[in-house]
Amino acid sequence: MFHGSMVALATPMNEDGSLAEAALEALVEFHVDNGTDAIVAVGTTGESATLDVREHCQVVRQVVEFAKGRVPVIAGTGANSTSEAIELTRLAMQSGADACLLVTPYYNKPTQEGLYRHFKAVADAVPIAQILYNVPGRTAVDLLPETVERLSSISNIIGLKEATGDVQRARDVLGLCGDRLDLYSGDDPTSRDFMLAGGRGIISVTANVAPRAMHEMCKAALAGDPAAAEAAEAPVRGLHQALFVESNPIPVKWALHEMGLIPPGIRLPLTPLSKHLREPLREALQAAHIPLSSSHS
């Protein structure tokens, strides 16, 4: 249903933390113009943790409006409360999103049976296409392949974003689920190998600043051409690490501001990129041939 380079879109904010609507529209245009294959709005990179429900729905609705059907929109609607996840998923469907991305419930550490029932309840309640999201490094809970296999029999659960960075995990899930589920990497450094192993794409942080290169890398990997995929990725490979020198989305928002694409806003408890890390990230952007704004360089 979805494939290729799907950007985990940053949510532009003004310096006072308010939402920057004009910059959001410009970002959507930037991705349409540069080959991004789908936009994921209000996920982790979109600062879902600090947007209230009204803002959350506003950003999803506006991204759908700005995209105008030219690129699919996937809405982040996960929560650690099943009822809240259902509410957000229903609102995203009403806003016109093409699918929803649901992270495993965080902090309350459910069992595998609890995870199964949580995702089944959301899928049963809202008939939109849904992608599961496993990122144990953030949530402290791991959605195991056997549980994914159980969930893959539910018709509107269509994919899994696997962010462990473990390519063997992708092979294990594919072996259990076959073509009932599409797999998407959530880890930029291993995404090329992930796709060559059978994944259908990447939900990418790097694509925020280098959409064309990530699109071309995915296109080659999905065509089964490892040499072309490696060549396409080479200029931006250093960004995969550089954009995680502090907690995501701190570095990528700083980078987008350096590119002149968004204002400098980020909400507490996240803080602007530490000063001693700025020059190394600037050098990584320049090495990737990414133009920076003259007003910031």
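This report looks at helix H3 and at a set of salt bridges in a predicted model.

## Helix H3 and its surroundings

Let's start with helix H3, which covers residues 82–95. With 14 residues at 1.5 Å each, H3 should span 20 Å, and its end C-alpha atoms are indeed 20 Å apart, so expectation and model agree. Just after H3 comes Gly96, with a positive phi near 100°.

On the buried side of the account, H3 contributes Ala85, Ile86, Leu88, Thr89, Ala92 and Ser95. Their cover includes three strands, S3 (73–76), S4 (99–103) and S5 (130–134), along with helices H2 (53–67) and H4 (112–125).

## Salt bridges across the chain

The model has twelve salt bridges. One of them pairs Glu29 with Arg70, whose closest N and O atoms are 2.5 Å apart. This pair ties together distant parts of the chain: Glu29 sits in helix H1 (residues 21–33) and Arg70 in the loop between H2 and S3, 41 residues apart. Glu29 counts as partly exposed at 24% relative accessibility, and Arg70 counts as partly exposed at 41%.

Arg169 and Asp142 form another salt bridge, with 2.8 Å between the closest N and O atoms. Here too distant parts are linked, 27 residues apart: Arg169 belongs to helix H7 (residues 167–177), while Asp142 lies in the loop between helix H5 (136–139) and helix H6 (145–151). Arg169 has 12% relative accessibility and therefore counts as buried, whereas Asp142, at 24%, is partly exposed.

## A further pair and a network

Arg237 and Glu233 also meet through their side chains, at 3.7 Å from N to O. Glu233 is buried, with a relative accessible area of 1%; Arg237 is partly exposed at 32%. Finally, Glu113, Arg117 and Arg150 are joined in a salt-bridge network.

Technical notes:
Residues are numbered from 1 along each chain as its sequence is written. This is a predicted model: local features need pLDDT of at least 70, side-chain atom pairs count only at pLDDT 80 or more; totals for chains, interfaces and linings use all residues. Side-chain values use heavy atoms; hydrogens and water are left out. Helices (H or I, at least four residues) and strands (E, at least two) are DSSP runs, numbered from the N terminus. The expected span of a helix is 1.5 Å times one less than its number of residues. Buried means under 20% relative accessible area, exposed over 50%, partly exposed in between (1.4 Å probe, protein chains only). Contact means heavy atoms within 4.5 Å. A salt bridge is a side-chain nitrogen of Lys or Arg within 4 Å of a carboxyl oxygen of Asp or Glu.
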